[in-house]
Amino acid sequence: MAKKVFVSGCYDMLHSGHVAFFKSAARFGDLYVGIGSDKTIEELKHRKTIYSERERLYMVKAIRYVTDAFINTGSGIFDFLEVMDRVKPDVFVVNSDGGSEEKRRMCEERGIEYIELDRIPDEGLKARSTTSLRSEAKCRLPYRIDLAGTWIDQPYVSEHGAGWALTVSIEPTVEFMERGGMSTSTRNAAKKIWPYELPDGDEEMLARLLFCFENDPEKQGHVSGAQDAIGICMSGLTRHYYDGHYWPSKIEQCKDEKVLSWLEKHVCLYPMFPRRPDCSVVEGKEITPERVKALTSAADDCWNAIMAIDLDAFAAAFRRSFEAQVRMFPAMMQPGVKEHIDKWRDRALAWKMVGAGGGGYLALVMEEVPEDGSVIPIRARRG
């Protein structure tokens, strides 16, 4: 009668290294696998799994070297003990980097043979580990561009006059600089919930979840505007209406392919420099009903021009939106910004800094996005 062999692990992001380990362990007998539960993995690794425990159980059971597999019912690093005692194995196998004296003593107490294996990939394959895969994996969470109405999502602005903000959710075709106005701080918060990509589901509900997660009510200080969470989570072109509150009272989405393709043809990004750590873009702010009206009026005209596919009207409204922002928040124009804008005055139809300004990226409106590598084309997320 064949010996029973037991192994245990997370087996999230299942890869060839796991299969090679199962193959090696199965040489000692019939292989039984304990799989860490979603709850235990989150407690130990402080992150959610990529695949649910049911999916991981399904995949591990499908591997031909595995006799049977179970979800571990315990907690902590010895979460497998209850399952192990039920299987009653003759051999317990671990990878050499997962071995420990505690595990060895645990086996001695139960009369189980303890074996450590080196990570050896099958011939022709690379050595794999979940840690290395995570470091190589690309995050597919979107970024956002704010086209018009920036700052209206702050109640201390919209209390002087309600209006719309316009955002476009874009694919992560490049890794944008931190402190560049591309909502990277909100995106980094999103990574803690969804490490690699947005889940399926109601996009507005995802945006609400992200906004609430980032803006902990116990945390004092600045509240990140809702346009960041909305711009990341809600695909296509979105406008959201603010009237003295942190969350908009109205949201409208445009996913029309003609509109999104047109924006991609005429809007691009130019990198300047990250906003400096000591920069305060709210210093010296002057917010009045008249200036807020200029901002909201430009946002209205921007939306109408986009819906009409009118490039000249779009560029004019885009310029007015930026001018209105700078009139309220002159510190957006930090030293060095004007010099970068000057490079595009004769080539672009309009320009504005994305996000709160002070540096980062210029969003440019062009007759046609150049292909000479001087700018970054955008790819709107279709959802």
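Start by selecting Arg208: with a relative accessible area of 36%, Arg208 is partly exposed. Keep in mind as you click around that this is a predicted model. Arg208 sits in helix α9, which covers residues 203–214. Now add Leu237 to the selection. Leu237 is 29 residues away from Arg208 along the chain, and the two C-alpha atoms are 17 Å apart.

**Around α9**

Stay with α9 and bring up helix α10, residues 226–233. The axes of α9 and α10 lie 8 Å apart, and the angle between the two helices is about 140°. That angle is neither over 145 degrees nor between 65 and 115, so α9 and α10 count as oblique to each other. The crossing itself is right-handed. To see where the helices touch, show side chains for Glu203, Leu206, Ala207, Leu210 and Phe211 on α9, then for Ala226, Ala229, Ile230, Ile232 and Cys233 on α10. Try colouring that contact by class: you'll get 9 nonpolar residues, 1 charged and no polar.

Next, select helix α8, residues 184–193. How do α8 and α9 cross? Their axes come within 10 Å, at an angle of roughly 100°. Angles from 65 to 115 degrees count as roughly perpendicular, so that is the word for α8 and α9. From α8, the contact takes in Ser185, Thr186, Ala189, Ala190, Lys192 and Ile193, while α9 brings Leu210, Phe213 and Glu214. Colour this contact by class too, and it shows 5 nonpolar, 2 polar and 2 charged residues. Click on Leu210 before you leave: Leu210 belongs to the contact of α9 with α10 and also to the contact of α8 with α9.

**A stop at Thr238**

Jump to Thr238, which you'll find in strand β8, residues 237–242. Is Thr238 buried or exposed? Thr238 is buried, with a relative accessible area of 0%. Show what surrounds this residue, skipping neighbours within four places in sequence: Thr238 is in contact with Ala165, Leu166, Thr167, Ile230, Ile251, Glu252, Gln253 and Trp303. Two of those names link this stop to others on the tour. Ile230 is one of the α10 residues in the contact with α9, and Trp303 is among the buried residues of α12.

**Along α12 and into α13**

Follow Trp303 to helix α12, residues 289–307. With 19 residues, α12 reaches 27 Å from its first C-alpha to its last, close to the 27 Å expected at 1.5 Å a residue. Which residues of α12 are buried? Select Val292, Leu295, Thr296, Ala298, Ala299, Cys302, Trp303, Ala305 and Ile306 to see them.

Now bring in helix α13, residues 311–328. The axes of α12 and α13 are 8 Å apart, with a packing angle of about 160°. Since angles over 145 degrees count as roughly antiparallel, that is how α12 runs relative to α13. The crossing of α12 with α13 is left-handed. On the α12 side, the contact uses Arg291, Val292, Ala294, Leu295, Ser297, Ala298, Asp301, Cys302, Ala305 and Ile306. On the α13 side, pick Ala313, Phe314, Ala317, Arg320, Ser321, Ala324, Gln325, Arg327 and Met328. By class, this contact of α12 with α13 holds 12 nonpolar, 3 polar and 4 charged residues.

**Two positive phi values**

In the loop between α12 and α13, select Ile309. Most residues other than glycine have a negative phi. Ile309 isn't a glycine, yet its phi is positive, about 55°. Ile309 is partly exposed, with a relative accessible area of 27%.

For another positive phi, go to Met13, in the loop between β1 (4–9) and α1 (16–25). Phi of Met13 is near 50°, again in a residue other than glycine. Met13 has a relative accessible area of 16%, so it counts as buried.

**Last stop: Ile112**

Finish in the loop between α5 (101–110) and β5 (113–117), where you'll find Ile112. Its relative accessibility is 9%, so Ile112 counts as buried. Setting aside neighbours within four places in sequence, the contacts of Ile112 are Met84, Pro89, Asp90, Val91, Phe92 and Cys107. Then zoom out and select Pro155 as well. How far apart in space are Ile112 and Pro155? They are 64 Å apart, C-alpha to C-alpha, with their positions 43 residues apart in sequence.

Note on methods:
Residues numbered from 1 in each chain as written. Predicted model: local features only at pLDDT ≥ 70, side-chain atom pairs only at ≥ 80, totals over all residues. Heavy atoms only, no water. Helix = DSSP H or I, 4+ residues; strand = E, 2+ residues; numbered from the N terminus. Buried < 20%, exposed > 50% of the residue type's maximum accessible area, 1.4 Å probe, protein only. Expected span 1.5 Å × (residues − 1). Axes fitted to C-alpha atoms, helices over the stretch in contact; angles between N-to-C directions. Parallel < 35°, antiparallel > 145°, perpendicular 65-115°, else oblique. Left-handed = near helix turned anticlockwise from the far one by under 90°. Contact = heavy atoms within 4.5 Å. Nonpolar A, V, L, I, M, F, W, Y, C, P; charged D, E, K, R; others polar.
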